[in-house]
Amino acid sequence: MRASPECLDAPMLAPAGPPALNEPFPDMDQQGPQDADLPRASGSNLTSLRRPLIVLAIGTFAIGTDAFVIGGVLPAVARSLGVSTSSAGLLVTAFAIAYAIGGPVLAVGAARLPRRALMVSALALFVAANILAAVAPGYVVMLIARVLAALGAAAFVPAASAVASSLAPTEYRGRALGTVVAGMTVAQVVGVPFGAFVGASLGWRYTFIFVAALGAAAALAVRLWLPHVQSPPAARLSQRLGVAARPSTWPLLLQTTLAMAAGFSVLTYIYPVLSRAGGYHGAMISVALLVFGVASVGGSTLGGRLTDRFGALPVVVAGLAALTLAMLAMSAATALSAGWPILIALAAWGLGGWTFPPSQQHRLIGLAPDKASVLLGLNSSAIYAGAAIGGVVGGLVLPAGTALVPATAAGLAACALICVAVQHHVAQRPAPEVRSGTDL
């Protein structure tokens, strides 16, 4: 998703949307009206970007596998480390919190590093952390390993998304971002089911060895095949936090957080949910995750294409509505111990709910295209803040009843949808008329 060897000459088009969402950020350093964070690639389509997009998608594939696969081996990890399933779920929460906090800090600290060197270093840390997880003798070491893996992911993903957005022509930006997200979703098709199968067959420690191997392959691909990419203009941490607090920005970040909290509250505890709904164990968990993963790849790809055609807002609304309904269906299937309906609900979640991430990224970039890396970094932090919240909420609800986990997720997704509606209504209101002193 990131860099292309050539330079793009097509001018940036003004993003669609109400003026409140498109105003520039005066508190950030500006270098010109068409300033871009990163150099742009040439060409009127994505042909010249194919290799860089694939290379960076390999990186997000490895990170996505690591983020999602733990749900499929969570009970085994809990038994091996001598903790409860809810306590083991906190490993997901620790990963998410470290990512959410570390993302903005690392973005500032590594601002002047060449993008390729930054991403290779981030993946190297990610690999080392997963090797540590594979040999962890106890819960504390495992917790440390998950935090280190999160820091590597937090350095890699925002840089990858920002390069992809900057290099793609405006009319293909949604598809470029969809390709980045597709790296995560392809992980759910291939990486997560296979990782869960490895864990069921050989033990959960081999799952993390598998993830480390994926990360090493991604680092090698980035080093060999990603062209040199310039560093974006540096932005101080205070500037980034100032952007996050702006009235045009924080509602979108809140929506991302709520939507991800909904998804991760179920993903973190997907094993007990599937076990309760359909009696799934071992290989059948891998099959269910495969169904979800295939649908998610279709959803992220569809989300990018629909965004390019219809605009981001309609796709965001449709995605959140689909996520809410799919979670309600999962809750009903779990309560009724319905095996096949849970697979249908998983497919609906993947196909509908995963249209949200690329369209939401597109909305954020529309706020200030020249500061895409800052906005996408904030969005990544919001994603993992949501993952942390989802892990905690799911762990609190799980003892009260497995079916309550997706029901709670439906409530979180509905809250995100309400936030979108409220923000759109406020943005559409005409600005108050300012009268001169003689009229008062």
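**View 1. A nonpolar surface patch on the predicted model.** Leu125, Val140, Ile144 and Leu148 form a nonpolar patch of about 320 Å² at the surface. In such a patch, each residue has over 30% relative accessible area and no salt bridge (a side-chain nitrogen of Lys or Arg within 4 Å of a carboxyl oxygen of Asp or Glu), and nonpolar side chains (Val, Leu, Ile, Met, Phe, Trp, Tyr) are joined within 5 Å. Areas are calculated by the Shrake-Rupley method with a 1.4 Å probe. Helix 5 supplies the largest share of the patch, three residues. This is a predicted model, in which local features need pLDDT of at least 70, side-chain atom pairs count only at pLDDT 80 or more, and totals for chains, interfaces and linings use all residues. Residues are numbered from 1 along each chain, and side-chain values use heavy atoms, without hydrogens and water.

**View 2. Leu125 in helix 4.** Leu125 belongs to helix 4, residues 115-135 (helices are DSSP runs of H or I with at least four residues, numbered from the N terminus). Leu125 counts as partly exposed (between 20% and 50% relative accessible area) because its relative accessibility is 34%.

**View 3. The largest cavity.** The structure contains seven cavities of 30 Å³ or more, and the largest holds about 390 Å³ of space. A cavity is a set of points on a 1 Å grid where a 1.4 Å probe fits but cannot get out, and lining residues have an atom within 4 Å of a point. Its volume is the space filled by probe spheres set on the points. The largest cavity has 25 lining residues, with Val181, Met260, Trp354, Pro357 and Ile383 nearest its centre. Helix 9 contributes the most to this lining, six residues.

Notes: 1 Å grid on protein atoms, 1.4 Å probe; cavity = no way out; pocket = protein on both sides within 12 Å on 5 of 7 lines; lining within 4 Å. Helix = DSSP H or I, 4+ residues; strand = E, 2+ residues; numbered from the N terminus. Patch = residues over 30% accessible without salt bridge, like charges linked within 9 Å, V, L, I, M, F, W, Y side chains within 5 Å. Buried < 20%, exposed > 50% of the residue type's maximum accessible area, 1.4 Å probe, protein only.
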